[in-house]
Amino acid sequence: MCGMPQQPPVRSTPARASRPDASMSLLTNVMDHSLDEGYAEAAARKRAEGGGGLPRTLRSKLGLAAGLVLAALVVTVGAAEARIAAPVVAKEREELIDRIDSETEAADELEDTVDELRDDVSARQREALRESGGGDQAELVGMLAGAVEVHGPGVKLVVDDAEEASTGGDGDPRETSGFSDTGRVRDRDMQRVVNGLWASGAEAVSVNGQRLTALSAIRAAGDAILVDNKPLVPPYTVLAVGDGKKLSTRFQDSADGLYLHALQENFGIRTAISVEEDVRLPAAPSVIVRTAQPRTEKGTS
């Protein structure tokens with residue numbers, strides 16, 4: 001049976017003619033209303049609040065300018081006051097310098113006066129010894145008291161710190177054993193050296209030119225050694241008048257000489273002793289001589 005020829009089904013396609021119209025409508029709406037209602041309301045409220053006044057940006061600029069002007073004024077006033085006060089400060093400084101110079105000169109004059117008086121006292125003491133003791137006895141008393149300069153055979157002993165001496169610290173074995181791990185000569189070392197020389201037969205002793213007497217003291221102030229309150233610096237040169245060879249032998253064999261040898265062997269303290277044909281020791285700068293006389297009781301009849 002013959003029928004009508006079949007036609008392929010017709011597919012419907014969406015209409016595209018309406019899309020250009022929608023796009024044009026959206027663009028028109030955006031161009032007509034560039035700001036939405038929220039932005040427009042905020043802008044209107046801002047204009048309403050700032051109506052009749054200066055813009056905030058201008059107001060802040062004026063405030064900043066006023067602050068700068070005030071700061072410049074303060075700096076200018078301070079500079080002017082400093083310029084006015086400068087001559088006064090300079091004058092006070094000059095007066096202070098003049099006062100320091102004057103006081104320094106006065107102190108120097110007082111020191112010179114003290115030295116002159118000390119020399120005068122020493123001379124009077126030596127004269128009194130000669131008048132009261134008479135002859136050889138006066139010379140002996142003056143020598144033993146340190147009131148006169150002496151010279152003769154003796155020994156020279158030099159004691160110095162170790163080459164790598166340090167200041168030490170905690171755990172110093174010297175606290176318990178009598179020695180030092182610091183390599184520095186201490187005041188008690190010099191005390192033992194001097195006492196050992198006296199015990200070995202020295203007739204007169206000096207340390208770095210400071211004559212020792214029966215009233216001399218060897219102490220420490222920090223790391224410095226003081227002899228009669230005068231600081232000394234290493235190396236310490238000890239001169240002793242006496243029979244040189246016997247004095248040297250007796251000292252090195254004594255307990256104090258062995259103590260000094262132990263310091264050298266164990267802690268690097270440097271020592272050197274030599275016999276001298278003639279050593280010279282100055283007189284002590286100030287000597288207080290005390291004499292005693294036998295007391296006699298007179299009987300009554």
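**Exercise 1. In this predicted model, find the link between S5 and S6, and say which residue in the turn has a positive phi.**

Solution. Start with the connection: S5 and S6 make a hairpin, with two residues between them. Next, look at the backbone in that turn, where Asp 228 has a positive phi of about 55°. Now check the pairing. S5 and strand S6 (residues 230-232) run antiparallel and are joined by three bridges. To place yourself within the ladder, pick Leu 226, which stands opposite Pro 231 in S6.

**Exercise 2. Work out how many bridges join strand S4 to strand S5, and which residue of S5 stands opposite Ala 221.**

Solution. Take the strands in turn: S4 covers residues 218-221 and S5 covers residues 224-227. Four bridges join this antiparallel pair. Ala 221 then has Ala 224 in S5 as its opposite residue. Finally, follow the chain through the turn: two residues lie between S4 and S5 in this hairpin, and Gly 222 there has a positive phi of about 70°.

**Exercise 3. Decide whether Ser 248 is buried or exposed, and list its surroundings.**

Solution. First locate the residue: Ser 248 sits in helix H7, which spans residues 244-253. Its relative accessible area is 8%. Buried means under 20%, so Ser 248 counts as buried. Then turn to its side chain, which makes a polar contact of 2.9 Å with the side chain of Gln 252. Last, leave out residues up to four places away in sequence: Ser 248 then touches Val 155, Ile 273 and Val 275.

Methods
Residues are numbered from 1 along each chain as its sequence is written. This is a predicted model: local features need pLDDT of at least 70, side-chain atom pairs count only at pLDDT 80 or more; totals for chains, interfaces and linings use all residues. Side-chain values use heavy atoms; hydrogens and water are left out. Buried means under 20% relative accessible area, exposed over 50%, partly exposed in between (1.4 Å probe, protein chains only). A polar contact is a pair of N or O atoms within 3.5 Å; within protein, one must be able to donate a hydrogen and the other to accept it, and residues adjacent in sequence count only if both atoms are side-chain atoms. Contact means heavy atoms within 4.5 Å. Two strands pair if DSSP finds at least two bridges between them.
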